Amino acid sequence: MILSRARIKLDDSGKELPPEGTEAFNLTVNEGYIQQYIAGYIPAHWHGEFEIFRLFSGCVDIGIGDKTYTYHAGEGCFINANVIHSFTARVPERCNYRSFVLDAGIIGSVPGSVFDTKYVRPFAEYGAPIIKFSENDAVDTAFFQAFDRAFTACAEESPAYEFITRAALSEMFLAAHDKSRAAEIQKPPKVQEERLKLMIRRIEDNLDKPLTVREIADAVNICPRECQRIFKKCLHYSPIEYALRRRIFTAAEQLAATDKSVTEIALTYGFSSPSYFTKQFKALVGVSPAAYRSAVRSSGSDVAHAYDGLTTYGNAYG
């Protein structure tokens with residue numbers, strides 16, 4: 001089953017929760033465009049699965065740790081497990097993509113197997129956080145051919161398509177495994193990532209009110225200055241900016257999914273007044289809360305297509 005999503009579900013630590021119905025094969029297949037997400041931004045998140053991403057049009061920034069990598073149409077990447085990452089559209093035109101989020105067990109078999117101990121587990125633990133592939137590089141041709149085979153198999157779901165998919169995913173993993181040996185990119189320090197996850201949890205647990213930097217830093221017993229440094233380095237936002245974006249994104253989901261008034265939603269997520277909420281919402285999303293709700297409703301309550309009617313994207317590209 002191919003999903004076209006306009007949001008991802010996160011737990012309190014920013015870990016992505018798998019969509020319903022993907023438990024049997026432990027594989028999520030996505031197709032869509034980055035602008036389906038609010039402000040053309042898939043927020044920083046992580047998951048215990050590998051992710052394979054491919055861009056077909058537009059230009060996207062992928063944030064990994066303290067670095068940002070720019071991807072253009074015809075490029076793709078393999079993102080390692082447990083790595084905090086985000087996607088931001090750099091252009092207002094559609095950034096069409098496809099991706100796989102796959103449990104390591106699909107290619108590693110059972111824990112303790114030769115596939116797991118010799119290849120999958122060492123890569124997940126010590127491999128580069130992100131490996132880039134390009135259609136312009138002849139060496140990467142096999143990677144993209146395997147990508148197409150896996151996607152077609154999942155789209156058609158013909159008998160035994162899982163075997164075809166697993167074989168193709170294994171090919172892509174081995175391509176990333178081989179490239180990772182030569183990559184100079186290092187994973188962010190584990191202590192730093194664990195601190196960030198706990199601070200994100202503090203924010204997610206308090207979306208109903210604005211937090212101070214001190215309150216966020218206290219989640220891991222560090223000083224506000226160190227908290228500021230980690231957020232700026234890993235997420236490219238200050239703690240306050242990141243928390244504000246999460247409150248607005250969550251409020252937008254409520255606008256799309258419920259009939260609650262703008263005033264009620266504004267107060268629920270800790271904004272001092274509806275006017276202040278509208279100002280902050282418009283600065284980020286590009287339209288007022290009422291206009292956003294109207295766009296969603298006019299598109300049949302399908303957030304994935306609401307942006308077809310919106311021509312501005314706030315600060316997503318600034």
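## Helix packing and sheet order in a predicted model

In this predicted model, Ile-200, Ile-203 and Glu-204 of helix H5 meet Pro-239, Tyr-242, Ala-243 and Arg-246 of helix H8. The residues of this contact between H5 and H8 comprise five nonpolar and two charged ones, with no polar residue among them. Helix H5 spans residues 190–204 and helix H8 residues 239–257, and their axes, which come within 10 Å of each other, cross at roughly 50°. Because angles that are neither under 35 degrees, nor over 145, nor from 65 to 115 count as oblique, H5 is oblique to H8. The crossing of these two helices is right-handed.

The model also holds an open sheet of six strands, in which the pairing is mixed and the order is S1-S2-S9-S4-S7-S10. Strand S1 and strand S10 stand at the edges with a single partner strand each, so that one side of each has no neighbour in the sheet. Within the sheet, S4 and S9 run antiparallel and are joined by six bridges; Phe-53 has Ser-99 in S9 as its bridge partner.

Helix H3 lies across S1, S2, S4, S7, S9 and S10, and runs at about 80° to S9.

The two angles given above are set side by side here.

| Pair | Residues | Angle |
|---|---|---|
| H5 and H8 | H5 190–204, H8 239–257 | roughly 50° |
| H3 and S9 | H3 141–156, S9 96–102 | about 80° |

Methods: Residues are numbered from 1 along each chain as its sequence is written. This is a predicted model: local features need pLDDT of at least 70, side-chain atom pairs count only at pLDDT 80 or more; totals for chains, interfaces and linings use all residues. Side-chain values use heavy atoms; hydrogens and water are left out. Two strands pair if DSSP finds at least two bridges between them. Helices (H or I, at least four residues) and strands (E, at least two) are DSSP runs, numbered from the N terminus. Contact means heavy atoms within 4.5 Å. Axes are lines fitted to C-alpha atoms, for helices over the stretch in contact, and angles run from 0 to 180 degrees between N-to-C directions. A crossing is left-handed if the near helix is turned anticlockwise from the far one by less than a right angle, and right-handed if clockwise. Ala, Val, Leu, Ile, Met, Phe, Trp, Tyr, Cys and Pro count as nonpolar, Asp, Glu, Lys and Arg as charged, and the others, Gly among them, as polar.
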